[in-house]
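Let's take a friendly walk through this structure, one element at a time. Keep the 3D view open as you read.

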Amino acid sequence: MIRSIKVKLEVTNPDALLETFKAYNYAYSVSAQWGFDNQTANKIRNHNATYEQIRKEVPELPSSLLQCARDCACESLKRDKCEILPKRKQFSAMRYNQRVITINTLKGIATIATVKGRIKAQFEVPDCYKQYLKWNLKSSTIIYQKSQKTFYLSIQFESPDPELQEDAIYIGIDRGLKNIAVCSDNTFYNMNHVRDVKRRYGRLKSQLQSKGTASAKRKLKKVADAEKRFVTDVNHCLAKQIVQKPFTVFVLEDLTGIRDNKNWGKNNRWLHQWSFYQLEQFIEYKAENLGKVVIYVDPKYTSQTCSKCGEIKASNRKGLVYKCSSCKFELHADLNASRNIVYKGKSLADRLLVNQPNGYPEFLQSPKPLPQKLVEF
């Protein structure tokens, strides 16, 4: 697992670092332009074609920084499949590797390679980040905040991921548009309050957009930022509550590409406002901090499968009710899906699907469902 910390830098020679920013981003632009023109993200070909040219034009730029700029350009091209020319401003962030920066996190000192030789910088690590200082230092990035004329150092630390234990306790989490999350322990996290707040923000944004004045646009940006902060706070609080449950493995559906080529009718608006990925990331990193594990399963048929007998039939689900046509088992549709998710997760982890006639763990076959717990968000 990887964690990033961001600290403020007190630099002895800021002008040298600013000149390095300009040279670095020029090297990035040259590499990106060549890769885009030749429709390739290959780092070796890019290096052979652009290295000598950049060395002649900015000879003072350390070669390791030049290579970092080239690598970043090629990664951007690969990300966009060479369909878009990556562009950067003069003072966009610089990636540093261990050859061009030395960081002593305990003393709060860094020596940084620039176009005018190495310079020193000091920083202070906040107490909330000191838990990561014993981890392995992976990479670092220097950021320049032009409006504040301030330098920041972003440091990435790496540590081994928590391992799955044999005596792990599993919980499945079904995410949706009606309920933010439904857990297989019968906990429901309702989305009514979130929807009400987002509707209010939506009406306000619509009114401001119809005005079209400069002040309305400034207000629109503030409203959009406030809405984003609200959703982020809800996801943080929800993820914290979930990972503090007495379970060691959290099973989620892999929802990659769920918005692609989908027509959800009246739910289209809510689908594209659904922050399921952010919640997923919050659950993952908060669980890792507690030494717990998050695994992902294929979402196929989780809403159509009976969690008692295993019958798969789309017509069994009608709205928020799942009623099996085979065994007559009836349950809330999202809770039924969460139980299927936890089963899939356990099967994936244990690799055990033998000697079980229906393939379902005993605790899922209980005819007496636990009382539902509803949490408003």
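This is a predicted model, and a good place to begin is its open sheet, where seven strands follow the order β2-β6-β7-β1-β5-β4-β3 with antiparallel pairing. At the edges you will find β2 (94-96) and β3 (101-104); each has a single partner strand, so one side of each has no neighbour in the sheet. On average, neighbouring strands are turned by 30° against each other, direction ignored.

Now zoom in on one pair of strands. Strand β1 (residues 2-11) and strand β7 (residues 150-158) are joined in the antiparallel sense over eight bridges. If you would like a landmark, take R3, whose bridge partner in β7 is F157.

Next come the helices. Helix α3 (residues 63-79) lies across β2 and β4 (109-114), and it runs at about 120° to β2. Elsewhere, helix α1 (residues 14-37) packs with helix α2 (residues 43-57) at an angle of about 145°, their axes being 10 Å apart. From α1, the contact is made by Y26, A27, V30, S31, W34 and G35, while α2 brings R45, N46, A49, T50, Q53, I54 and E57. By type, these contact residues are six nonpolar, five polar and two charged. The crossing of α1 and α2 is right-handed.

Our last stop is N336, a residue of helix α8 (residues 333-350). Is N336 buried or exposed? Its relative accessibility is 0%, so N336 counts as buried. The side chain of N336 makes a polar contact with the side chain of S307 at 2.8 Å. Beyond its neighbours within four places in sequence, N336 is in contact with T302, T305, C306, S307, Y322, F329 and L331.

Key
Residues are numbered from 1 along each chain as its sequence is written. This is a predicted model: local features need pLDDT of at least 70, side-chain atom pairs count only at pLDDT 80 or more; totals for chains, interfaces and linings use all residues. Side-chain values use heavy atoms; hydrogens and water are left out. Helices (H or I, at least four residues) and strands (E, at least two) are DSSP runs, numbered from the N terminus. Buried means under 20% relative accessible area, exposed over 50%, partly exposed in between (1.4 Å probe, protein chains only). A polar contact is a pair of N or O atoms within 3.5 Å; within protein, one must be able to donate a hydrogen and the other to accept it, and residues adjacent in sequence count only if both atoms are side-chain atoms. Contact means heavy atoms within 4.5 Å. Axes are lines fitted to C-alpha atoms, for helices over the stretch in contact, and angles run from 0 to 180 degrees between N-to-C directions. A crossing is left-handed if the near helix is turned anticlockwise from the far one by less than a right angle, and right-handed if clockwise. Ala, Val, Leu, Ile, Met, Phe, Trp, Tyr, Cys and Pro count as nonpolar, Asp, Glu, Lys and Arg as charged, and the others, Gly among them, as polar. Two strands pair if DSSP finds at least two bridges between them.
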